[in-house]
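Please report on the fold of this chain and on the surroundings of its ligand. Keep it brief.

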Amino acid sequence: MRKLTYYIAATLDGYIAGPDGADPTGPGGFWPIPGDYLQHLIAEYPETLPGPARQALGVTAPGTRFDTVLEGRHSYEIGLKAGVTDAYPHLRHLVFSRTLPESPDPAVQIVSGDPVATVRELKQQDGKDIWLIGGGMLAAALYSEIDQLIVKFAPLTTGIGIPLFGRDVGFDPRIWQLADHTVLGSGALILTYTR
Ligand SMILES: NC(=O)c1ccc[n+]([C@@H]2O[C@H](COP(=O)([O-])OP(=O)(O)OC[C@H]3O[C@@H](n4cnc5c(N)ncnc54)[C@H](OP(=O)(O)O)[C@@H]3O)[C@@H](O)[C@H]2O)c1
């Protein structure tokens, strides 16, 4: 069965964005991406690079892991504000929102229903794994459905920000099995955990 993977960049203190929702690796972000980190993503996770980045870097590899990406409305709107209506045209792209009246892009599906039910349905379909890109609110809603966690820890702390599972998640301890790890010279750490 297809797995749901929460693949996300985080600070050492567990934040995925600044307190105002600032994208850590976006333009003017607080984590300038190191060269070895970018090379690792290109080699291992090419399908997770946004379309414009793939184009700029000459990346055409389809990737081996994901063919579908699930995104919360706040995260989707970061690209939208920059004029990008579909940052992942090489993937099936679902955006969860109960307020967006219609999709700004025919290739992007707006889902207003229950994310858990949608994920359970997607898992029954054929295909590669499903990438949960975030943000924290959507990850909290899908906490029970996550089969794999890939956290790209940046060698920085921020003290405050949007946590991995948002600000409004319940207390629900879960033990994860370390399946893989990569330590980069720049200090980034990529950890893969499974349930
Ligand atoms: N570090 C990384 O790799 C990374 C990756 C992705 C995103 N981010 C960061 O994450 C931040 C956004 O995170 P966030 O937690 O504020 O928001 P989010 O999860 O991206 O989006 C929240 C929105 O998603 C929709 N949603 C959430 N749960 C839902 C549910 N159960 N049913 C239906 N719709 C649901 C709602 O939209 P409506 O209000 O329209 O209903 C909600 O307001 C961004 O600032 C971005 O920088 C970081």
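The report below covers the overall fold, the sheet and the ligand shell.

This is a predicted model: local features need pLDDT of at least 70, side-chain atom pairs count only at pLDDT 80 or more, and totals for chains, interfaces and linings use all residues. Residues are numbered from 1 along each chain as its sequence is written.

The chain has five helices and ten strands; these are DSSP runs (helices H or I, at least four residues; strands E, at least two), numbered from the N terminus. Of its 195 residues, 30% are buried, meaning that 20 or more other C-beta atoms, placed from the backbone, lie within 10 Å of the residue's own. The C-alpha trace spans about 40 × 40 × 35 Å along its principal axes.

Eight strands make an open, mixed sheet, ordered β5-β4-β3-β6-β1-β7-β10-β9. Strands pair if DSSP finds at least two bridges between them. β5 and β9 are the edges; each has a single partner strand, so one side of each lacks a neighbour in the sheet. β1 and β6 pair in parallel over three bridges. Tyr-6 has Leu-132 in β6 as its bridge partner.

The ligand is surrounded by 27 residues, with Gly-21, Gly-72, His-74, Gly-134 and Gly-135 coming nearest. A residue counts as near if its C-beta atom, placed from the backbone, lies within 6 Å. These elements each give two or more residues to the shell:

| Element | Residues |
|---|---|
| β1 | 4–11 |
| β2 | 15–17 |
| α3 | 73–81 |
| β6 | 129–134 |
| α5 | 136–141 |

Technical notes: A residue is buried if 20 or more other C-beta atoms lie within 10 Å of its own, exposed if 12 or fewer, and partly exposed in between; C-beta atoms are placed from the backbone.
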